[in-house]
Amino acid sequence: MTTGNHNHEHARRPDWAALAVAVVLAVIAAVIFFDVNRLESGGGYSGIGPATVPEVITFCLIGLAIWTVVAAFRGDFPEREHQELSPVIWIVGGLAAQMLLLTTAGFSIATGILFAMTAAGFGKRKLWFSIPAGIALAFVVWIAFAQLLQLSLPAGPLERLFF
């Protein structure tokens, strides 16, 4: 036997994270929509032009945003697990380091640091090992793409030392 008024369900509250995702989807759709309006709509006899695919993408994003809002208010999303912040910081820090170092240190060193920081985010915190391993792996990738395939990747001191 229950005492008190426990018969009613807890009042449903909207899923705020899902609503934030819906807002982001709507903003992306708006940016695409306003950018598409600058394109010529002429598609010749078929009516399909350079703006057609972005318009379809905009329509789909708006549909997803509406669907996400409805699901957020209905409580259709499963409860999420607690997010550990440390791995996210390691990986985002690695991406930031790569972007900052790419033009000065070159592809191999910048990507090696990204590799090591991503490994640290996944629990492998032996940076003394993962940084050189990442640089070596990135150097092999640089050789394959820049030297063999003749693609333009930023070269730094390590790449200039050998090539």
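This passage describes the helices, the buried residues and a surface patch of a predicted protein model.

Because the model is predicted, local features are reported at pLDDT of at least 70 and side-chain atom pairs at pLDDT 80 or more, while totals for chains, interfaces and linings use all residues. Residues are numbered from 1 along each chain as its sequence is written, and side-chain values rest on heavy atoms, with hydrogens and water left out.

The protein has six helices and zero strands, giving the pattern α-α-α-α-α-α along the sequence. Helices (H or I, at least four residues) and strands (E, at least two) are DSSP runs, numbered from the N terminus. Of the 163 residues, 26% count as buried, where buried means under 20% relative accessible area, exposed means over 50%, and partly exposed lies in between (1.4 Å probe, protein chains only). The protein exposes about 12,100 Å², with carbon and sulfur atoms supplying 70% of this area; accessible areas come from the Shrake-Rupley method with a 1.4 Å probe, and for residues only the protein chains shown count as cover. Contacts (heavy atoms within 4.5 Å) often link distant parts of the sequence: among those between residues at least 6 apart, 57% join residues at least 24 apart.

Helix α4 (residues 107–121) is a good place to look inside the fold. Twelve of its 15 residues are buried, so α4 is largely enclosed by the rest of the structure. Among these buried residues are F107, I113, L114 and M117, together with small residues including A110, G112 and A116. They pack against α3 (85–105), α5 and α6. The end C-alpha atoms of α4 are 21 Å apart, which agrees with the 21 Å that its 15 residues should span at 1.5 Å a residue; the expected span is 1.5 Å times one less than the number of residues. After α4 comes G123, with a positive phi near 105°.

Helix α5 (residues 127–148) has 22 residues and reaches 30 Å from its first C-alpha to its last, close to the expected 32 Å. Its buried residues are S130, G134, I135, A138, F139, W142 and A146, and they pack against α4 and α6. Q150, which follows α5, also has a positive phi, near 60°.

Helix α5 contributes to the surface as well. F115, L137, V141, F145, L148, L149 and L151 form a nonpolar patch with about 660 Å² of accessible area together, and the largest share, four residues, comes from α5. Patches are made of residues with over 30% relative accessible area and no salt bridge, like charges being joined within 9 Å and nonpolar side chains (Val, Leu, Ile, Met, Phe, Trp, Tyr) within 5 Å. A salt bridge is a side-chain nitrogen of Lys or Arg within 4 Å of a carboxyl oxygen of Asp or Glu. One member of the patch, L149, is found in the loop between α5 and α6 (157–162) and is exposed, with a relative accessible area of 54%.

Toward the N terminus, T58 lies in helix α2 (residues 52–74) and counts as buried at 6% relative accessibility. Leaving aside neighbours within four places in sequence, T58 is in contact with A29, I32 and F33. N37, in the loop between α1 (16–36) and α2, counts as partly exposed at 48% relative accessibility. The C-alpha atoms of N37 and P54 are separated by 10.0 Å, and the two residues are 17 apart along the chain.
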